Amino acid sequence: SLLLESKISPNTAYQKQQDTLIVWSEADNYDLALSFQEKAGCDEIWEKICQVQGKDPALDITQDPIDESEEDHFEEIPETTHLVELPPCELGRLEEIADLVTSVLSSPIRREKLALALMSEGYIKKLLGLFRVCEDLDNREGLHHLYEIVRGVLFLNKAALFEVMFSDDCIMDVVGCLEYDPALVQPKRHREFLTKTAKFKEVIPITDSELRQKIHQTYRVQYIQDIILPTPSVFEENFLSTLTSFIFFNKVEIVSMLQEDEKFLTEVFAQLTDEATEESKRRELVNFVKEFCAFSQTLQPQNRDAFYKTLANLGILPALEIVMGMDDLQVRAAAIDIFSYLVEFSPSMVREFVMQEPQQTEDDVLLINVVIKQMICDSDPELGGAVQLMGLLRTLIDPENMLASTNKTEKTEFLSFFYKYCMHVLTAPLLANTAHDKNSKGKLGT
């Protein structure tokens, strides 16, 4: 009710952030925010606010906040809104720095100013230098302040700051600071996990050092977001939107760089299907392809199109046919996940491949029949794999998503193919289950 009954006064500076948040300050530096589930709802309210103030809704802020504070609320808004002064970066001032970082989070204007100050003075690197000093001295109080500072700086949500914090020479110290959460009795051991436990597997050597660095960075930043940072509250969620974007664009770059390296991918598929490849190596290769497909979900539709066409040209479907029939459960499970990405992307592409097969192969090893057999023979008591495969099979034989183009009708062609080559495989267990009933029927009749 407090938010809904707020009057829209002509002088208040309203600001729209990240498409779903409207923030403003009222008397005595009292900050308020409206967070929306959808962009459309935010735009609607934003237009109403702009209408009342006679402003252009295309802008993201209705007033210049400094003018406003000078004109009307000079007494109400403290001087700090004009400039954020950073205390000297010294051990004795860590508490002061932590208080400052925490205090600006509620005010968009002061967050901007703090971010600018942190960038201009190379302050982040100095802070991380203090972190190493505190750790050497086992200064727990200082380490707790540094946790608050680094967490607060992440919540400033600024790409330029992330570039510094996630660079090769800073990221492990950032992770180190985040180990010392004051709420924990014992600090976490995230750096140990990232350096010793998490092993980077190069299935095929990656020669491009920039690509390797990008992969390492993405994994570590994802780890910070998913594992280290506590689940954000509703109000904090938007604070990390730039972090999500940072990871997203890194993934786009990784997929693009790998996709352009045809020699690398050709080698992956060659080793994946080679009988001489060791099982452990094959497991790594198939997991790589699965992760590669997962990363591709970040691409724009037309780029994703090109991505799957590249995979198709390199022979992903014949490779999956071989791999899905293998004994290794982990290899099979990952192959099914890759297959599901392909079916979800383009059932038609899969059907087209399948219909070209029967000329040169026996019914037994047709891709669809391999899928049906895996579904029927799922060893998991929960039938997890079988349910997943059933969904994929249903998509493939669903006439609703079949194309009717001028030169051919996919519906009649594919369904005729399915009834001719696959239906007997699908119904075999049902028929086998009732085969012994013939004799008993006769006996019952007598």
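Reader: Of the 446 residues of the protein, what share counts as buried?

Author: In this predicted model, 43% of the 446 residues count as buried, where buried stands for under 20% relative accessible area. The fold is built from 22 helices and three strands, and among contacts between residues at least 6 apart in sequence, 64% join residues at least 24 apart.

Reader: How should I read burial along a single helix, and which residues of helix 1 are buried?

Author: One looks down the axis and asks where the buried residues point. Helix 1, residues 39-53, has 15 residues and spans 21 Å from its first C-alpha to its last, close to the 21 Å expected at 1.5 Å a residue. Its buried residues are Cys42, Asp43, Trp46, Ile49, Cys50 and Gln53, and seen down the axis of helix 1 these fall within an arc of 125 degrees, so they line one face of the helix.

Reader: What do the buried residues of helix 1 pack against, and what lies on the face turned away from them?

Author: The buried residues of helix 1 pack against strand 1 (15-17) and strand 2 (21-26), whereas the face turned away from the buried side carries the exposed residues Ala40, Gln51 and Val52. Just after helix 1, Gly54 takes a positive phi of about 70 degrees.

Reader: How many residues of helix 15 are buried?

Author: Helix 15, residues 316-324, is mostly covered, with seven of its nine residues buried, namely Ile316, Leu317, Ala319, Leu320, Glu321, Val323 and Met324.

Reader: Turning to open space, what volume has the largest pocket, and which residues are closest to its centre?

Author: For a pocket one considers the volume, then the lining, then its chemical classes. The largest pocket has a volume of about 820 Å³, and of the 25 residues that line it, the closest to its centre are Phe200, Lys201, Ile215, Tyr219 and Glu291. Helix 10 (209-228), helix 11 (241-260) and helix 13 (279-296) are the elements that give two or more residues to this lining. By class, the lining of the largest pocket divides into 14 nonpolar, four polar and seven charged residues.

Reader: How many cavities of 30 Å³ or more are there, and what lines the second largest?

Author: A cavity can be read in the same order. The structure holds two cavities of 30 Å³ or more, and the second largest cavity contains about 40 Å³ of space. Ile124, Leu127, Leu128, Ile149, Val150, Val153 and Met165 line the second largest cavity, with helix 5 (123-137) and helix 6 (140-155) each supplying at least two lining residues. The classes in that lining are seven nonpolar, no polar and no charged residues.

Conventions: Residues are numbered from 1 along each chain as its sequence is written. This is a predicted model: local features need pLDDT of at least 70, side-chain atom pairs count only at pLDDT 80 or more; totals for chains, interfaces and linings use all residues. Side-chain values use heavy atoms; hydrogens and water are left out. On a 1 Å grid over the protein atoms alone, a cavity is a set of points where a 1.4 Å probe fits but cannot get out, and a pocket is an open set with protein on both sides within 12 Å along at least five of seven lines; lining residues have an atom within 4 Å of a point. Grid points are joined across faces, edges and corners, and a volume is the space filled by probe spheres set on the points. Helices (H or I, at least four residues) and strands (E, at least two) are DSSP runs, numbered from the N terminus. Ala, Val, Leu, Ile, Met, Phe, Trp, Tyr, Cys and Pro count as nonpolar, Asp, Glu, Lys and Arg as charged, and the others, Gly among them, as polar. The expected span of a helix is 1.5 Å times one less than its number of residues. Buried means under 20% relative accessible area, exposed over 50%, partly exposed in between (1.4 Å probe, protein chains only). The arc is that of the directions from the helix axis to the C-beta atoms. Contact means heavy atoms within 4.5 Å.
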